[in-house]
Amino acid sequence: MNDTTPSTTSREAAGSGSGPLRLGTRRSTLAMAQSGQVADAVRRLTGRPVELVEITTYGDTSREQLAQIGGTGVFVTALRDALLRGEIDFAVHSLKDLPTTQPEELVIAAVPPREDPRDALVARDGLTFEQLAEESRKAPVRIGTGSPRRMAQLNAWARTLGRDIETVPIRGNVDTRIGYVRSGKLDGVVLAAAGLTRIGRIDEATEKLPVDNVLPAPGQGALAVECSASDAGLAARLAELDDPYTRAAVTAERSLLAALEAGCSAPVGALADLLADGQVVTEMRLRGVVGTTDGKTLVQLSTTAPVPASHDDALQLGSELAAELLAKGAAGLMGERAL
């Protein structure tokens, strides 16, 4: 082990002690809100105090577009380094930001129940996407997003309506992004509905975009609670926050992403949802999309299978759909391939 690996003694203290647990989080309003919600759940679960430790990541400080700085891992590496050094006991991530390869030294102890995975539009004058697209007949319509995945699907959706929109790359926190609309610089912006919900601002959305038109990022709306693999006691307690259906769904989605060898900023969308027969959940449907950012070419496929009974079953569901997407030409549509 190198000198950044915490001692077994410190790990045992974290998992079985009575002192405060240190939860690592990014500094953004959204990250603090979702980490605070997990902290409250862990306090109730363990009876122990939980302290939030704010950590700045490279993705927070860089002003470049995510596709330019690599996308994959830019929001999580600093948190994981702090875990490995023993400076925090566990961390909360937006699952869609996690690289698909999991470090052996760390474990995702819990994936709590997922928030709404859809994208949300915040537009001027309370307009929906189709109403904005219709207005493009009279004047250019500009919609901001930092995601090539959203650009691809928004442009393709506009094309099905016989309209053209301009997608504008943007960065920044929720206030900054919505501010572009309030100031008139953009006609609309697209953000994750889950993020707006967690910070109490979902009412500002003028439309939650239907997944038939815009598939979310793999893992969108879900959180990952991560700790050291050597701290079995803490991992076991955190695991009580896990939702098996959410974990199965995001595992299938991220398996598709991994099999495509695509990073989290590549133009790939995926959603696994559960299909119920009455009150009994019987099947899982996985949908995937890969496209060019101009929306001129999209490859979309779906598959339905019994609800995965194991982690390996969920992995297989994702990898099989990815193979079908690749066979349909998806490889040539991705601007970024993970190394």
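1. A quick word on terms before you dive in: pLDDT is the predictor's confidence in each residue, from 0 to 100, and a contact means heavy atoms within 4.5 Å. With that in hand, look at residues 1-13 of this predicted model, where pLDDT stays under 50. The model has 18 contacts beyond four places in sequence for residues 1-13.

2. Residues 60-72 deserve a similar look. Here too pLDDT stays under 50, and the model has 32 contacts beyond four places in sequence for this stretch. For the protein chain, the mean pLDDT is 88, with 86% of residues at 70 or more.

3. Now turn to a pair of helices. The axes of H11 (residues 244-259) and H12 (residues 311-327) come within 7 Å of each other and cross at roughly 40°. Angles from 35 to 65 degrees count as oblique, so H11 and H12 are oblique to each other. Their crossing is right-handed.

4. Which residues of H11 meet H12? They are Ala-248, Thr-251, Ala-252, Ser-255, Leu-256 and Ala-259. On the H12 side, the residues met include His-311, Ala-314, Leu-315, Gly-318, Ala-322 and Leu-325. The residues of this contact divide into 11 nonpolar, 5 polar and no charged.

5. Finally, a hairpin to inspect on your screen. Strands E12 (residues 280-291) and E13 (residues 298-306) run antiparallel and are joined by 9 bridges. Gly-291 has Leu-298 in E13 as its bridge partner. The hairpin has 6 residues between the strands, and Gly-295 takes a positive phi near 80° in this hairpin.

Definitions and conventions. Residues numbered from 1 in each chain as written. Predicted model: local features only at pLDDT ≥ 70, side-chain atom pairs only at ≥ 80, totals over all residues. Heavy atoms only, no water. Axes fitted to C-alpha atoms, helices over the stretch in contact; angles between N-to-C directions. Helix = DSSP H or I, 4+ residues; strand = E, 2+ residues; numbered from the N terminus. Parallel < 35°, antiparallel > 145°, perpendicular 65-115°, else oblique. Left-handed = near helix turned anticlockwise from the far one by under 90°. Nonpolar A, V, L, I, M, F, W, Y, C, P; charged D, E, K, R; others polar. Pairing = 2+ DSSP bridges.
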